[in-house]
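Colleague: I'd like a close look at one part of this protein, the charged side chains and how they pair up. Could you take me through that part and then set it in the whole?

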Amino acid sequence: MSRIGYKTVTVPEGVEVKQDGNFVTVKGPKGELTREFSDVISMKIEGNEVSFDRPTDDYKTKALHGTTRANFNNMVIGVTEGFKKNLELRGVGYRAQMKGKTLILNVGYSNPVEFAEEEGITVEVPSNTEITISGIDKELVGDAAARIRATRAPEPYKGKGIRYVGEYVAHKEGKTGK
């Protein structure tokens, strides 16, 4: 059984937490995040400690308890440190480049694939085979990275495609001639 919901979240100095009904706003050095939480889970702010409590041990309430605490913790980490996802391109002729606020990917299709940089995230291309996505909202960063990766997910025969840095792709043997 998970006990993540019962762990308290320590709010570092320089981070301000405000609760207005179900809406929680966390303001820190990197920015400000607001999120609506369920009214089932109660949130208590005591000094620099934030704790969460659930009224019953119902299955859905238990799941919501841990999720609420994890989402709040991600908000605190986001406004202090931020989140980052690194992608790499593998394949002959695969490359990425930034043109203004647009990411242009050449990944084996007849035309380049373009992604507009969304509000709340920053896309950087340190080299033509690396992409770095960063921001303060973990959900936005992860979603943007997943959408970019989905343009050409790594295939199992040669391993070509867009993958997260450090991601393992299992290779298949393929056909063998007799």
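How many salt bridges does the structure hold?

Modeller: The structure holds nine salt bridges, and keep in mind as we go that this is a predicted model. In general, side chains of opposite charge can pair when their charged atoms come close. Here there are 27 positive and 25 negative side chains to choose from, and the centres of those two sets lie 10 Å apart.

Let's go through some of the pairs. Glu-32 and Lys-27 meet through their side chains, with 3.9 Å from N to O. That counts as a salt bridge because the cut-off is a side-chain nitrogen within 4 Å of a carboxyl oxygen. As for cover, Glu-32 is partly exposed, at 44% relative accessibility, and Lys-27 is partly exposed too, at 38%.

Next come Glu-88 and Arg-90, whose side chains form a salt bridge at 3.3 Å, N to O. Glu-88 has a relative accessible area of 19%, so it is buried, since buried means under 20%. Its partner Arg-90 has 40% and is partly exposed.

Then there's the salt bridge between Glu-167 and Arg-149, at 2.7 Å from N to O. Arg-149 belongs to helix 2, which covers residues 138-150, while Glu-167 sits in the segment after strand 13 (161-164), so this pair ties together parts that are 18 residues apart in sequence. Glu-167 itself is partly exposed, with a relative accessible area of 23%. There is also a network to look at: Glu-118, Asp-143 and Arg-147 are joined into one by salt bridges that share partners.

Strand 13 is worth a stop of its own, and Gly-161 is a good place to stand. Gly-161 lies in that strand and is buried, with a relative accessible area of 0%. What does Gly-161 touch, leaving aside its neighbours within four places in sequence? Its contacts are Glu-88, Leu-89, Arg-90, Tyr-94, Arg-152, Ala-153 and Pro-154. You'll recognise two of those names, as Glu-88 and Arg-90 are the two residues of the 3.3 Å salt bridge. If you measure across to Asp-143, a member of the network, the C-alpha atoms of Gly-161 and Asp-143 are separated by 18 Å, with their positions 18 residues apart along the chain.

For another acidic residue, try Asp-20. You'll find Asp-20 in strand 2, which spans residues 16-20, and it counts as exposed at 61% relative accessibility. From Asp-20 to Glu-36 the C-alpha distance is 9.5 Å, with the two lying 16 residues apart in sequence.

Now for the whole. The protein has two helices and 13 strands. Its C-alpha atoms fill a box of roughly 65 × 45 × 25 Å along the principal axes. The radius of gyration is 21 Å, whereas a compact globule of 178 residues would have one near 16 Å. Of the 178 residues, 34% are buried. The accessible surface comes to about 11100 Å², and carbon and sulfur atoms account for 47% of that. As for how the chain meets itself, take the contacts with a separation of 6 or more: 50% of them are between residues 24 or more positions apart.

Definitions and conventions. Residues are numbered from 1 along each chain as its sequence is written. This is a predicted model: local features need pLDDT of at least 70, side-chain atom pairs count only at pLDDT 80 or more; totals for chains, interfaces and linings use all residues. Side-chain values use heavy atoms; hydrogens and water are left out. Helices (H or I, at least four residues) and strands (E, at least two) are DSSP runs, numbered from the N terminus. The radius of gyration is taken over C-alpha atoms; the globule rule is 2.2 Å times the number of residues to the power 0.38. Buried means under 20% relative accessible area, exposed over 50%, partly exposed in between (1.4 Å probe, protein chains only). Contact means heavy atoms within 4.5 Å. Accessible areas come from the Shrake-Rupley method with a 1.4 Å probe; for residues, only the protein chains shown count as cover. Lys and Arg count as positive and Asp and Glu as negative; His and the chain ends are not counted. The place of a charge is taken as NZ of Lys, CZ of Arg, CG of Asp or CD of Glu.
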